[in-house]
Amino acid sequence: MLEELLMAFINGILLGGVLALLAFGLNLIFGVVKIIHMAYGQFVMLGFYFIYYFHTAWHMPLLVAMAGGIVVMGLLGMLVQLLIINPLLNAPRLNQLLALASLIIVLENLAQVLWGADYRGIPISMPIIQFGDIFIRSSYLLAFLGAIATLGILYLFLHKTYFGLAIRSVAQDVEIAKGMGINPKVIYYITLAAGGALTGVVAAFFIPIYTVHPHFGASFTLMAFVIVVFGGMGNLMGGFISAFIIGVVTSITAVLTSTEVADILALVLFILMMMVRPQGILGAKA
Amino acid sequence: MKRNSTTSKIITVGVLLIIALAPLLATSEYMVHIGTLILLWAFVSTAWAYMARFGLVSLGHGVFLGIGAYIPVMLFNYYGVSPWLGMLAGVGAAVLVAAILGYSCFRFGLIGDYFALVTLAMAEVVSLAIVACREVTGGSLGCTLKASVGWASFQFDDKRYFYYIIFVFLLLALYIWRLIDKSRMRLALTAIEESELAASSMGVSIIRFKMGITLLSAGLTAMGGVLYAQYITYINPGTISGVGVSLSTCFKAILGGMFNIFGPLAGSAIMVSLEEYFRISFDTGFLGVSEIIFGVVLLVMIIFLPKGIVGSVSEWLNKRFGVARS
Amino acid sequence: MLTVDAIDTYYGEFQALEGVSLKVEKGQTVIVVGPNGAGKSTLLKTILGLQKARTGSIKFQGEEISGLAPHKVVERGISMVPEGGRVFPDLSVQDNLRVGSYNPVARPNAQRQMEQIFSLFPILSDRKRQAAGSLSGGERQMLAIARSLMSCPQLIMLDEPSLGLAPLVVNMVFDFIQQMKKEGYAILLVEQNANKALKVADYAYLVESGKLVYEGDRDSFDKNPYIKTAYLGL
Ligand SMILES: Nc1ncnc2c1ncn2[C@@H]1O[C@H](COP(=O)(O)OP(=O)(O)OP(=O)(O)O)[C@@H](O)[C@H]1O
Ligand SMILES: [Mg+2]
């Protein structure tokens with residue numbers, strides 16, 4: 001039992017890394033464009049399908065297919081900005097929310113029409129690493145390391161480039177940023193493209209772990225939400241920390257009870273957090 | 001309002017007459033079935049719009065649909081409890097849950113998109129809970145209501161029964177809408193929606209009025225769940241609880257226009273017909289095409305016609321001819 | 001250099017500016033005074049393109065700029081110090097300055113410009129890694145002014161830079177404006193502190209409820225009896 005819990009803990013940490021990456025994208029979009037991307041998990045689903053399709057139908061080598069998936073998802077992110085977010089930039093928040101929620105319907109059914117309702121995946125066998133009584137799946141470890149590396153690159157992008165600087169300043173005060181000569185529309189496109197590409201990256205890490213189906217994304221949307229709210233909406237550091245907390249808590253709960261109960265627990269945490277401490281674990285009292 | 005009340009009365013009576021007479025003109029059982037579905041979803045989304053039109057946009061009405069659908073079915077299947085009692089239990093449970101959830105939301109001042117997100121999460125919690133209790137509920141595979149025809153078990157062979165029963169419930173929901181419009185509640189809720197601070201300083205008890213409309217909406221929605229289960233006789237968490245049905249309930253009302261008494265009815269009619277049309281014309285190979293079109297239509301609506309079809313049409317009529325919104 | 005001709009600016013249905021015209025010549029310091037809500041900030045925002053003028057024209061160096069997006073206006077050489085010294089609170093002092101040089105015209109000189117600014121404002125140099133939100137009010141105002149210099153502007157617009165500052169700091173701010181003037185920048189200064197502002201002004205305008213009600217050079221302002229009692233507190 002103790003080994004099982006320890007393994008659940010380790011898996012929670014490893015999966016937490018990927019969740020941190022996912023939540024980072026959602027958080028960035030919220031922080032910069034002030035929009036809650038309701039269909040973010042569905043983007044991961046699409047990314048998965050694209051990689052699958054490029055690899056199996058167009059016979060691209062896996063790594064090339066992954067790169068292709070990432071690029072396509074980045075472009076799709078920009079398309080969402082162009083077609084949905086731009087026209088709604090000054091609309092009530094609720095309309096933005098509902099528009100992106102209807103995007104969920106479009107994307108899930110699009111996947112169903114294009115690829116059918118069956119589970120699809122690319123079979124890759126990756127070794128299991130053993131430390132004494134502890135077994136670690138190398139696919140999880142790889143995803144974790146890759147996610148952390150991606151986060152590092154994103155950090156450097158945000159802090160060492162002019163675009164990163166512009167993104168951070170638009171997030172803080174759009175009007176003044178405009179006065180500095182920044183065109184926020186361009187920044188929004190970059191943000192959505194980065195957010196879209198991130199879903200492609202997450203999908204690439206998920207390839208050896210999961211199989212995909214049209215409703216694959218829903219649980220990830222919720223998971224990313226839970227993490228983002230837990231860490232404080234728009235707070236990138238808070239999101240990073242809470243990804244690991246949520247990852248470990250759900251992973252251990254799933255071992256002790258069932259995955260549904262683990263998900264329920266995460267959602268209940270989300271609801272309580274929204275009620276009692278909407279600024280998140282790290283946020284200052286508003 | 002008064003000036004044009006005859007026009008809107010004529011429209012109202014006309015619409016209701018058409019609905020009442022439709023089954024007599026229907027050429028097939030199938031058409032009655034579609035009509036029943038339209039009325040059922042119209043009933044549910046009308047109840048949803050009670051809250052939404054005062055700014056309480058819930059994305060979690062699947063909570064009440066699920067509770068309303070599952071409790072009577074479980075009671076009947078396992079203990080043979082009459083669905084008439086089960087109905088009371090289901091609606092009662094939903095109202096109780098609404099009281100707890102609503103109170104916590106309003107107590108902590110959740111409004112707008114935060115309220116929407118929290119209710120969305122609640123819908124998912126209920127759906128997951130139904131799956132988690134798979135020994136009893138059948139999990140994600142769902143369960144079938146034990147067949148037993150007659151008034152005592154609230155199941156009928158002739159589809160017309162449910163058509164008219166649900167029609168009566170829809171009438172009730174529309175009547176309550178009218179009552180709300182005439183009552184103090186409407187004034188209070190409108191004031192609250194405009195500014196909570198100003199309303200509370202005017203002595204309006206915000207939580208009480210929000211709770212009132214929430215319990216009403218939840219109770220009727222749960223009744224919709226009961227009717228769905230009795231009519232379809234098969235329920236599963238994916239179709240009658242959770243995020244999917246919650247969103248589609250609210251989208252029907254938005255499509256038609258949630259600020260107009262006939263908006264949800266119009267939205268349900270359009271959506272259910274559209275769904276059926278695409279299901280038939282595209283067959284199973286293209287399962288999902290209708291939803292894609294529906295989703296795109298919704299997006300276009302939210303972007304270009306945020307008041308919904310009925311709302312926009314009546315606004316346009318208003319401008320053109322001075323006809324009142326009903 | 002800057003010619004504003006009969007502009008009307010609206011917020012929805014509300015008209016905030018009505019037929020306002022003004023001129024700033026090369027190297028000149030022009031001030032706009034007026035009570036709260038007169039439309040002074042709106043005027044600056046309209047010039048920068050943050051608000052659209054419904055009618056009228058705005059010319060900068062002979063070219064029409066009204067209707068341009070703010071980032072285009074900044075590129076042409078206008079920069080603004082926003083009201084209340086609004087800086088980016090979570091960015092470091094250094095990053096705040098760097099944002100100022102975001103536009104492609106200014107970017108190549110950013111490093112040199114920043115060094116110059118640090119020698120002008122040693123306080124900012126000392127705090128360059130500190131978050132701007134942790135600066136004092138006066139330091140924040142200084143940072144906002146310094147940031148506006150980063151975009152290599154020819155015209156600097158300042159929106160009530162002395163607002164809410166202690167007298168000593170106010171003097172520092174005006175000393176600095178004086179110095180910018182000497183360096184040849186054209187300055188458009190909005191102020192409620194008319195006494196101080198007139199001391200640096202070559203030409204002045206008075207705005208009340210969205211309309212220009214008086215204009216003239218320093219002497220004619222000083223002598224006008226209405227302005228004397230209402231704005232100079234004499
Ligand atoms: N975003 C806005 N929306 C609507 N009205 C506005 C907005 N900003 C300013 N106003 C109105 O426009 C008028 C002019 O405002 P403005 O901020 O330009 O005044 P000001 O002269 O800068 O005042 P102050 O000295 O207080 O800064 C005011 O009546 C104000 O209420
Ligand atoms: Mg002002």
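**Exercise 1. Determine how many residues surround ligand 1 and which are the closest.**

Solution. In this predicted model, ligand 1 is surrounded by 14 residues. The closest are Asn36(C), Lys40(C), Ser41(C), Thr42(C) and Glu83(C). Sorted by class, the shell holds five nonpolar, six polar and three charged residues.

Next, consider secondary structure. Strand E2 (14-24) and helix H1 (40-48) of chain C each contribute at least two residues to the shell. H1(C) gives the most, with three residues.

**Exercise 2. Identify what lies opposite the polar atoms of ligand 1 at Tyr11(C), Gly37(C) and Gln192(C), and state how much of the ligand's accessible area the protein covers.**

Solution. Begin with the backbone: a polar backbone atom of Gly37(C) is 2.8 Å from an oxygen atom of ligand 1. Turn then to the side chains. Gln192(C) places a polar side-chain atom 3.2 Å from an oxygen atom of the ligand. For Tyr11(C), an N or O atom of the side chain is 3.5 Å from a nitrogen atom of ligand 1. Finally, of the 630 Å² of accessible area that ligand 1 has on its own, the protein covers 62%.

**Exercise 3. Classify the packing of helices H5 (residues 138-160) and H6 (residues 162-172) of chain A, and describe their contact.**

Solution. The two axes come within 5 Å and cross at roughly 80 degrees. Angles of 65 to 115 degrees count as roughly perpendicular, so H5(A) is roughly perpendicular to H6(A).

H5(A) makes the contact through Phe157(A), Leu158(A), His159(A) and Lys160(A). H6(A) contributes Tyr162(A), Phe163(A), Gly164(A), Leu165(A), Ile167(A) and Arg168(A). These contact residues divide into six nonpolar, two polar and two charged.

Terms used:
Residues are numbered from 1 along each chain as its sequence is written. Chains are lettered from A and ligands numbered from 1 in the order in which they are written. This is a predicted model: local features need pLDDT of at least 70, side-chain atom pairs count only at pLDDT 80 or more; totals for chains, interfaces and linings use all residues. Side-chain values use heavy atoms; hydrogens and water are left out. Axes are lines fitted to C-alpha atoms, for helices over the stretch in contact, and angles run from 0 to 180 degrees between N-to-C directions. Helices (H or I, at least four residues) and strands (E, at least two) are DSSP runs, numbered from the N terminus. Angles under 35 degrees count as roughly parallel, over 145 as roughly antiparallel, 65 to 115 as roughly perpendicular and the rest as oblique. Contact means heavy atoms within 4.5 Å. Ala, Val, Leu, Ile, Met, Phe, Trp, Tyr, Cys and Pro count as nonpolar, Asp, Glu, Lys and Arg as charged, and the others, Gly among them, as polar. A residue is near a molecule or strand if one of its heavy atoms lies within 4 Å of it. A polar contact is a pair of N or O atoms within 3.5 Å; within protein, one must be able to donate a hydrogen and the other to accept it, and residues adjacent in sequence count only if both atoms are side-chain atoms. Accessible areas come from the Shrake-Rupley method with a 1.4 Å probe; for residues, only the protein chains shown count as cover.
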